[in-house]
Amino acid sequence: MTNPVEIGPILLVGFMGAGKSSVGAALASELGCNFVDLDAVVEQRAGQPVAAIFSAEGEQRFRQLESEALEQVLSTGIECRVIALGGGTYVQAENRDRIARSSALVVFLEVALEEAIRRVRYFAGKRPLAANREAFAKLFEERRPAYEQAHFRTDTTNKPIMAIAKELAAWVREQERQ
Ligand code: S3P
């Protein structure tokens, strides 16, 4: 492995099923950085799974917990980190503002709708917003303009995870040199 990258956090954004967690873990190991999954931070802080937060306290409460978790991960830790956000994190304007005030690099992982549907099918129980196909497709379109504000983007639809991780690692190392 080469030296760990010396750069601010790398945030992966994109829709459910875009591959944020799997690409994030591969990218972190490629760069010699730690990997953080924001949903896992929310779950740890709340002491319950995301789906339970949605059903017991509603989406609005989840968004509040998510923003707090984002604040925590952005304000602590100086070591290099790759952070997979939840599908809705970057869609909230206040979260985007908070991220813009940080030194984070933001990467949009694109995915075709049909592929996203295929990927989340078996985990729909864990994703309250993936329960209904029409609502899922509508959200997919509505969120795109927010994701497009990222610094860099790549399509994950037909690419192996390692190929995406290598492509992103090369881009990150270029940012480090600038
Ligand atoms: C959500 C996506 C989920 C999780 C929650 C809400 C969303 O994360 O944060 O179910 O609003 O798109 P993944 O994108 O990792 O599935």
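**Figure 1. Phenylalanine 136 and its aromatic partner.** Phenylalanine 136 is buried, at a relative accessible area of 2%; buried here means under 20% relative accessible area, exposed means over 50%, and partly exposed is in between (1.4 Å probe, protein chains only). This is a predicted model, in which local features need pLDDT of at least 70, side-chain atom pairs count only at pLDDT 80 or more, and totals for chains, interfaces and linings use all residues. Residues are numbered from 1 along each chain as its sequence is written, and side-chain values use heavy atoms, with hydrogens and water left out. The model has five aromatic pairs, where rings of Phe, Tyr and Trp (its six-membered ring) pair if their centres lie within 6.5 Å, and planes under 30 degrees apart count as stacked, over 60 as edge-to-face and the rest as tilted. One of them joins phenylalanine 15 to phenylalanine 136, edge-to-face, with 4.8 Å centre to centre and 65 degrees between the planes. The two partners sit 121 residues apart: phenylalanine 15 in the loop between strand S1 (10-13) and H1, phenylalanine 136 in helix H7. Helices (H or I, at least four residues) and strands (E, at least two) are DSSP runs, numbered from the N terminus. Phenylalanine 15 is buried too, with a relative accessible area of 2%. Add Phe140 and you have one aromatic cluster of Phe15, Phe136 and Phe140.

**Figure 2. A stacked pair between S5 and H8.** Phenylalanine 152 and tryptophan 171 are stacked, 4.6 Å centre to centre with 15 degrees between the planes. Phenylalanine 152 belongs to strand S5 (residues 152-155) and tryptophan 171 to helix H8, 19 residues apart. Buried or partly exposed: which is phenylalanine 152? Phenylalanine 152 counts as partly exposed, at 22% relative accessibility, whereas tryptophan 171 counts as buried at 11%.

**Figure 3. The cavity by S4 and H7.** On a 1 Å grid over the protein atoms alone, a cavity is a set of points where a 1.4 Å probe fits but cannot get out, while a pocket is an open set with protein on both sides within 12 Å along at least five of seven lines; lining residues have an atom within 4 Å of a point. Grid points are joined across faces, edges and corners, and a volume is the space filled by probe spheres set on the points. There is one cavity of 30 Å³ or more, and the largest cavity has a volume of about 50 Å³. Its lining is made by Phe15, Phe108, Leu109, Glu110, Val111, Phe140, Arg144 and Tyr147. Strand S4 (105-110) and helix H7 (133-147) are the elements giving two or more residues to that lining. By type, the lining splits into six nonpolar, no polar and two charged residues; Ala, Val, Leu, Ile, Met, Phe, Trp, Tyr, Cys and Pro count as nonpolar, Asp, Glu, Lys and Arg as charged, and the others, Gly among them, as polar.

**Figure 4. The largest pocket.** This pocket has a volume of about 790 Å³. Of its 37 lining residues, Met16, Lys20, Ser21, Asp39 and Arg127 are the closest to the centre. Two or more lining residues come from each of helix H1 (20-31), helix H2 (38-46), helix H3 (50-57), helix H4 (59-75) and helix H8 (161-177). The lining holds 18 nonpolar, eight polar and 11 charged residues.

**Figure 5. Valine 13 and the nonpolar core.** Valine 13 is in strand S1 and counts as buried at 1% relative accessibility. Leaving aside neighbours within four places in sequence, valine 13 is in contact (heavy atoms within 4.5 Å) with residues including Lys20, Leu85, Tyr90, Val106 and Tyr147. Its C-alpha is 8.7 Å from that of glutamate 110, though 97 residues separate the two in sequence. A nonpolar core is a set of buried Ala, Val, Leu, Ile, Met, Phe, Trp, Tyr and Cys residues joined through side-chain atoms within 4.5 Å. The largest one has 55 residues, of which Ile10, Leu12, Leu27, Leu85 and Ile99 touch the most other members. Beyond four places in sequence, leucine 27 contacts Ile10, Leu12, Val82, Ala165, Leu168 and Ala169.

**Figure 6. Two charged residues on H5.** Arginine 98 and glutamate 94 are both in helix H5. Arginine 98 is buried, with a relative accessible area of 15%, but glutamate 94 counts as exposed at 53%. Outside its neighbours within four places in sequence, arginine 98 is in contact with Glu71, Leu74 and Ser75.
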